[in-house]
Amino acid sequence: MKSSAKVVSSGAALILAVSLLSGCSGNGNTSRGNNTSANQGTNANEAGTTNNSASATDGKYVPEKDLNLKVWYTWADTAPTKGPSEDVVSPEIKKITKVNFTQKDIIVNNGVTGLERLNMYLATGDLPHVIYAQRSSSEDIIKKLVEADKVWNLDDYLAKYAPNVLKRVTKDAWDSTKIGGKIYGIPSDVAANTTNAPELKGTTFEKNSSGNGAWQLVVRDDILKAYDPSAKSVAELGDALKKNGTLSYDDMKVNMRTPDDLMDFLQKSKGMNMKTVNGKDVVPLDMWTQGWWIGPWSQAWGFAGGSSGPVWDDEKNTVYWAPATEDYKNYLKWLHTAYQNKLMDQETFTMSDDQRTSKLNNGQYAVTHFWQDINALNDTLKKNGEKFQYRLIQAPANTIADSPQYDFQDPRGGNFIMISKSVPEDELKQILNWIDFQYSEEGETLMSWGPESAGLWEVKDGKRKFKDPALDQNALLGTQTDKDLAYYGLSGGNLNQIDLGRLIYTHDTIRGYKSIYETPKNVDNPYGEEWNVLTQATVRPIKMDLTGMFINQVPEWGKLTGEDGVIGCMKNEWAKAIVADNDANFEKYYEAGMKRLKDLGLDKATTDLTKLITEYQTSVGK
């Protein structure tokens, strides 16, 4: 569970996440004022548009006039400031579509809420050309725009002016985003999978997109080898990667596959009485402080789908929320046992994040989690003179602890693109054509590699490769570089692999995995390959999660998943349960946490959301 930041950003690669895109989108995980900045503009009339017209060649729409676009990001407070050092993509898109759009044309909220800014626009009648609404936080804005008749109904235009959009957005996405049976916007940032991109079947992407990267722990390799001599150290993994160009599951395998095995490892690591180079005692188990450990540890335990928000259980036809289950109680009881046996850091619930980070940088934990920069941690340990490194191992879960045994994706996508009626019909057609180009194979290739005229890549032995190693590693690993090919000026980091949260990009990971097919692995970074191997080791099928379509209609869920609800439990009642001096007090505090959730309406929220989804499924014949 991560905090939200109201900025336009492609997010961090810790997700999954994540996106991602998160979602992210990025993926990534960006979330959900009176004045916009001077270079952003405030309405369509200031955009400097011309009287636009278009011609048709063999029935295909061809724009004739230039159009300068303004786009409102309904959730964002801050516009992006970072862009590529040499922008070779947007001029090419402008040449093809005659639409000019750069990061300076993004309009944000600047201190007011999205709904407050919408009311300002409705009062003046001057909406920007495009409204880019985040599904998780802008349902009220979407609804109000449609009810006020301020956005175009696109039903009669998509087939002619956006055929790629019509083709590549899935039926589930269209069905779940129609309003009154009509199309008022285009679903965007829909995670790529073999349902909406069948060309990905049989590729590396298919394996990655049906896996779950959360099932992992991070362990000191010297302690791991003392426990299991057959386990490979980071140095040995690096040697295998350089020799073979890849790592296998056998390379990553360790003799620790159940919660009981992990408990045994913690007990034996404690008995080793190891110290760091500066004489600090090694603690078997690290826990993240201040309540945040619900995310990485519950996911590592196998609660990959429902560790934070509710999801839909197709098998049982009901809403499933992991923290309310007996399985989750057993997970907390395991942590309680580890604490009682002094296998968990006894300062977990009293120390600051800075204190914990200092311990980690000293190598004082035998086991930690993956929600952190392990490469940077290993570099710090080297500088400190330590001989060991941290590596990934598969988390101690033989089966997924979640009841729903699949990988969830929101069929609506992360965002929703609407076109304002402030623009006339001819400009509507041109904007749709611009959007459509970026849904096309030609557009994807351009945004992945840049135009051929830029000379950024070459083809050898039938495979495309960037000439510049910085671009090569940016495409493969998300390594930041000011040379990246970001379009719309979104911030850097994993631009071609995880997030790709572009304004109208329907598949937030296709582009990156096309690059991965054609780019050599970074043999100097075993951690990245460790991640890939273990991600593919816990494969489960993709299913579309229906809860996102209706959760905003059940207000209790906002409290249940926030500080008042499960996060509050983690910081208070359930933290006390973990550190309780006996099992009876564990039960007492666990039940107190459940009472908190029930008092916030857990039963009603579950019933109401289940009813909404069941009614929807009946209406669409599912």
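Student: What makes the second largest pocket a pocket, and what is its volume?
Tutor: In this predicted model, the second largest pocket has a volume of about 490 Å³. A pocket is an open set of grid points with protein on both sides along at least five of seven lines, so the word does not describe an enclosed space.

Student: Which residues lie nearest the centre of the second largest pocket?
Tutor: Arg 135, Glu 139, Ile 179, Met 549 and Gln 553 lie nearest the centre, out of 20 residues in the lining. To count as lining, a residue must have an atom within 4 Å of a point.

Student: Which helix gives the most to this lining?
Tutor: Helix α3 gives the most, with six residues. Helices α3 (139-147), α6 (171-177) and α21 (547-550) each supply at least two residues.

Student: Why is the space lined by Tyr 249 and Leu 534 called a cavity?
Tutor: A cavity is a set of points where a 1.4 Å probe fits but cannot get out; therefore the name refers to a closed space. The largest cavity holds about 40 Å³. Its lining consists of Tyr 249, Met 252, Lys 253, Val 254, Arg 257, Ile 393, Gln 394 and Leu 534. Helix α10 (249-252) and strand β14 each supply at least two of these lining residues.

Student: What makes the sheet containing β10 an open one with edges, and which strands are at its edges?
Tutor: Four strands form this open sheet, in the order β10-β13-β9-β14, with mixed pairing. The edge strands are β10 and β14 (390-394), each of which pairs on one side only. Neighbouring strands of the sheet are turned by 25° against each other on average, direction ignored.

Student: What makes β10 and β13 a pair, and in which sense do they run?
Tutor: Two strands pair if at least two bridges are found between them. Strands β10 and β13 (residues 365-368) have two bridges, in the parallel sense, so the condition is met. Val 283, for instance, has Tyr 365 in β13 as its bridge partner. Helix α20 (residues 526-535) packs on the sheet, where it touches β9 (216-220) and β14, and its direction makes about 5° with that of β14.

Student: Why is strand β16 described as largely enclosed by the rest of the structure?
Tutor: Buried means under 20% relative accessible area. Five of the five residues of β16 (residues 415-419) are buried, and therefore the strand is largely enclosed. Asn 415, Ile 417 and Ile 419 point one way from β16, while Phe 416 and Met 418 point the other way.

Student: Which strands pair with β16, and in what sense?
Tutor: Strand β7 (residues 130-134) is joined to β16 by five bridges, and the two run antiparallel. Within that pairing, Val 130 has Ile 419 as its bridge partner. Strand β8 (residues 186-188) also pairs with β16 in the antiparallel sense, over three bridges. There, Pro 187 stands opposite Phe 416.

Student: What makes a group of residues a nonpolar core, and which residues of the largest core touch the most other members?
Tutor: Such a core is a set of buried residues of certain nonpolar kinds, joined through side-chain atoms within 4.5 Å. The largest core has 64 residues, of which Phe 265, Leu 285, Leu 332, Trp 334, Val 367, Trp 557 and Trp 574 touch the most other members. Helix α13 (residues 326-340) gives the most to this core, with seven residues. A second, separate core of 47 residues includes Leu 67, Ile 93, Tyr 161 and Val 165.

Student: What is unusual about a positive phi?
Tutor: Most residues other than glycine have a negative phi, so a positive value departs from the common case. Asn 110 has a phi near 50°, and Asn 273 has a phi of about 50°. Asn 110 lies in the loop between β6 (106-107) and α2 (114-124), and Asn 273 in the loop between α11 (259-271) and β10 (283-285).

Student: Why is Asn 273 called exposed, and why is Asn 110 called partly exposed?
Tutor: Exposed means over 50%, buried means under 20%, and partly exposed lies in between. Asn 273 has a relative accessible area of 64%, so the residue is exposed. Asn 110 has 26%, so the residue is partly exposed. Ala 376, at 33%, therefore also counts as partly exposed; its place is in helix α15 (residues 374-383).

Key: Residues numbered from 1 in each chain as written. Predicted model: local features only at pLDDT ≥ 70, side-chain atom pairs only at ≥ 80, totals over all residues. Heavy atoms only, no water. Buried < 20%, exposed > 50% of the residue type's maximum accessible area, 1.4 Å probe, protein only. Axes fitted to C-alpha atoms, helices over the stretch in contact; angles between N-to-C directions. Contact = heavy atoms within 4.5 Å. 1 Å grid on protein atoms, 1.4 Å probe; cavity = no way out; pocket = protein on both sides within 12 Å on 5 of 7 lines; lining within 4 Å. Points joined across faces, edges and corners; volume = space filled by probe spheres on them.
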